[in-house]
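Hi there,

Here is the structure I promised to send over. Have a look at it first, and my notes on what turned up follow just below.

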Amino acid sequence: MSDSPPQEHRPIAPRRVSFDWRETPLHWIPDEPTATHVINVLHLLLPAGERWFVKVFKEALPLVRDEELLKDVKGFMGQEATHSVQHAYVLDHLAHQGLDTGPYTRHVDFLFEYLLGERPPLGVPVPEREWLRFRLSLIAAIEQFTAVLGDWVLDTEALDRAAPDPVMLDLLRWHGAEEVEHRAVAFDMYEHTGGAELSRYLRRILGMSVTAPVLWYLWGRGAAYLLRHDPQLATRSRYSLREHNRAVHKGLLPTWRALGAAIPRYLRRSYHPSQEGSLHTAVAYLASSPAARTAAGAVGRAALS
């Protein structure tokens, strides 16, 4: 993988999408509750997490002095706001099927709204600018993983062979494609606003050092919560690495190696995320996504009426 950014630049802009969840089963990957719920953790984390992205970026907008970056950042914010709304709809759908996610998502809300809010928690004496830069470093690190996951879901053929619910698969691939499309924006925002080169790089290491273990913990705990409260399982089920690894072996989840390798790549001093994933594949999917095409058609019909 090359560390040098490509010359191509594609404008970042939010898209209208429309998903109909009425026919989507709780186990949207048939006979695969573990794979289903490991992926469903996205819906637990992203509504609050991506709202938080937008809030932090709004705080940082006055620091941006590059017009092209400013346009990309605003486009990124629009895309992330849309992602947050669409994944929140899935939480409503899960609740309608008897799986209440509220007890878990309240902890996620606390993490983003209080522990990572506009001011450091418990009155910790961190300067305002430094606290903002630290949170921007966390977003850049999180976006490293979302780009890797987005690339995986676009390319994996095993999910198609498992006959998943097409609406859920479209949501994941539409979202994944936009993550690949804007994969460098959070990193560029952090680099632009992060201060002197050495402190900026050390803070980047700190951001990943916090992000990776916290994400691992939240994901495992979220999968365990969903399996334990799944109303369609005959007995209370527990999350197990054995079942997770079985799903990985079948290609229904990304490999541990693919996820882990994203960390040392990110920690290279010369790294830039523009080479994560295929922009061509992402753009092609965004042009063909059923949800995006349905929304575009609805807008067109409304304009003609």
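There is one cavity of 30 Å³ or more in this predicted model, and the volume of this largest cavity is about 30 Å³. Its lining is made by Ala140, Glu143, Gln144, Arg183, Phe187, Tyr266 and Pro273. Sorted by class, the lining residues of the largest cavity are four nonpolar, one polar and two charged. Helix α4 (residues 128-155) gives the most to that lining, with three residues.

Helix α4 turns up again in the largest pocket, where α4 also gives the most to the lining, this time with eleven residues. The largest pocket holds about 950 Å³ of space. It is lined by 42 residues, and the closest to its centre are Leu45, Phe145, Leu149, Leu215 and Trp219. If you want to trace the walls on screen, look at α1, α3, α4, α6 (166-181), α8 (197-228) and α10 (256-267), each of which supplies at least two residues of the lining of the largest pocket. What is the make-up of that lining by class? The largest pocket has 31 nonpolar, eight polar and three charged residues in its lining.

On the outside, there is a nonpolar patch on the surface that you may like to colour in. Phe110, Tyr114, Leu115, Leu122 and Val124 form this patch, and together they have about 490 Å² of accessible area. Two of its members can be placed a little further. Leu115 belongs to helix α3 (residues 102-115). Is Leu115 buried or partly exposed? With a relative accessible area of 32%, Leu115 counts as partly exposed, because that value falls between the 20% limit for buried and the 50% limit for exposed. Leu122, on the other hand, sits in the loop between α3 and α4, and its relative accessible area of 76% makes it exposed.

Leu122 also brings me to the backbone. Most residues other than glycine have a negative phi. Leu122, however, has a positive phi, near 60°. Asp31 is another residue with a positive phi near 60°. Where is Asp31 found? Asp31 is in the segment before α1 (33-60). Asp31 is exposed because its relative accessibility is 73%, which is over the 50% cut-off.

That is what I have for now. Happy to talk through any of it when you have had a look.

Best wishes

Definitions and conventions: Residues numbered from 1 in each chain as written. Predicted model: local features only at pLDDT ≥ 70, side-chain atom pairs only at ≥ 80, totals over all residues. Heavy atoms only, no water. Patch = residues over 30% accessible without salt bridge, like charges linked within 9 Å, V, L, I, M, F, W, Y side chains within 5 Å. Areas by Shrake-Rupley, 256 points an atom, 1.4 Å probe, with all protein chains shown as cover. Salt bridge = Lys/Arg side-chain N within 4 Å of Asp/Glu carboxyl O. Helix = DSSP H or I, 4+ residues; strand = E, 2+ residues; numbered from the N terminus. Buried < 20%, exposed > 50% of the residue type's maximum accessible area, 1.4 Å probe, protein only. 1 Å grid on protein atoms, 1.4 Å probe; cavity = no way out; pocket = protein on both sides within 12 Å on 5 of 7 lines; lining within 4 Å. Points joined across faces, edges and corners; volume = space filled by probe spheres on them. Nonpolar A, V, L, I, M, F, W, Y, C, P; charged D, E, K, R; others polar.
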